[in-house]
Amino acid sequence: MARHVIAPVDELPPGTRKFLEIDGRPIAVFNIKGEYFGLMNRCPHQGASLCEGPLIGLAQSNNPGEIEYTKLGEIIRCPWHGWEFDIRTGQSYCDPRRFRVKAYPAHVEPGASVVKGPYVAETIAVSVESDYVVVEL
């Protein structure tokens, strides 16, 4: 799996999302309470831009009249027809056996490891003499 650097951490604060295209795929990256998650930005129902929908929670009930609201801000609702998916796993809450959204792992790496990378660059000596820049080839 290829690694893609998305943005500095401070450009994606908690509660935000970033839309991008990677290798022709529409992807959204979410910061949910300091954890990062990637999702395909396409609803499997009819192809809507899924990740433009609201972030909601999950209402669950074990007994009649008792409702527990969990996963606050971790469920994405499709803006077209209201289908709901778990941001962490891509699981559908409309038809979990037939539908899911592709989830992509996302995490934070120290800046030095991202900058260092496996890159090899040609170096050229440069010096400043008076007010001129001189390149030595």
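Start with the open sheet of this predicted model, in which 4 strands lie in the order E1-E2-E3-E7 with antiparallel pairing. Colour strand E1 (17-22) and strand E7 (103-105), which stand at the edges; each has a single partner strand, so one side of each is left without a neighbour in the sheet. On average, and with direction ignored, neighbouring strands of this sheet are turned by 30° against each other. As a reminder for this view, strands of a sheet pair through backbone hydrogen bonds, either parallel or antiparallel.

Now select E1 together with strand E2 (residues 25-32): the two run antiparallel and are joined by 6 bridges. One position to label is Phe 19, whose bridge partner in E2 is Ala 28.

Stay in strand E1 and select Leu 20, which is found there. Is Leu 20 buried or partly exposed? Its relative accessibility is 21%, and because buried means under 20%, Leu 20 counts as partly exposed. If residues up to four places away in sequence are not counted, Leu 20 touches Ile 6, Arg 25, Pro 26, Ile 27 and Val 29. A distance drawn from the C-alpha atom of Leu 20 to that of Asn 41 should read 9.1 Å, although the two residues are 21 residues apart along the chain.

Next, move to strand E4 (residues 55-63) and strand E5 (residues 66-77), which run antiparallel and are joined by 6 bridges. Within this pair, label Gln 60 and then Glu 68, its bridge partner in E5. E4 and E5 form a hairpin with 2 residues between them, and in the turn you will find Gly 65 with a positive phi of about 80°.

Follow E5 onward to strand E6 (residues 84-86), with which E5 pairs in the antiparallel sense over 3 bridges. Here Arg 77 stands opposite Glu 84 in E6. The hairpin of E5 and E6 has 6 residues between the strands, and Gly 82 in this hairpin takes a positive phi near 80°.

From this loop, select Trp 83 and Phe 99, and show their rings. The structure holds 1 aromatic pair, and this is the place to look: the centres of the two rings are 4.9 Å apart and their planes are at 70°, so the pair is edge-to-face. Trp 83 lies in the loop between E5 and E6, while Phe 99 lies in the loop between E6 and E7, so the pair ties together parts that are 16 residues apart in sequence. Both partners count as buried, Trp 83 at 16% relative accessibility and Phe 99 at 17%.

Turn next to the nonpolar interior. In soluble globular proteins, nonpolar side chains tend to be buried together. Which residues of the largest nonpolar core touch the most other members? Of its 23 residues, they are Phe 30, Leu 39, Cys 43, Leu 50, Ile 76, Phe 85 and Ile 87. E2 and strand E3 (35-40) each supply at least two residues of this core, and the largest share, 5 residues, comes from E2. To see one of these positions in its surroundings, select Ile 87 and display its contacts: leaving aside residues up to four places away in sequence, Ile 87 touches Phe 30, Ile 32, Phe 37, Leu 39, Leu 55, Gly 73, Glu 74 and Ile 76.

Keep the core on screen and pick out Cys 43, which is buried at 2% relative accessibility, and then Cys 78, likewise buried, with a relative accessible area of 3%. How many disulfides does the structure hold? The number is 0. The sulfur of Cys 43 has its closest cysteine sulfur in Cys 78, at 3.9 Å, which is too far for a bond, because a disulfide is counted for sulfur atoms within 2.5 Å. Cys 78 is accordingly in no disulfide, with the sulfur of Cys 43 as its nearest cysteine sulfur.

Finally, zoom out to the whole protein chain and colour it by secondary structure, which comes to 1 helix and 9 strands. Traced from the N terminus on, the elements run β-β-β-β-β-β-β-α-β-β. Switch then to a view by accessibility, in which 28% of the 137 residues of the protein chain count as buried. As for contacts with a separation of 6 or more, 35% of those in the protein chain are accounted for by residues 24 or more positions apart.

Key
Residues numbered from 1 in each chain as written. Heavy atoms only, no water. Pairing = 2+ DSSP bridges. Axes fitted to C-alpha atoms, helices over the stretch in contact; angles between N-to-C directions. Core = buried A, V, L, I, M, F, W, Y, C linked by side-chain atoms within 4.5 Å. Buried < 20%, exposed > 50% of the residue type's maximum accessible area, 1.4 Å probe, protein only. Contact = heavy atoms within 4.5 Å. Phe/Tyr/Trp six-rings, centres within 6.5 Å; stacked < 30°, edge-to-face > 60°.
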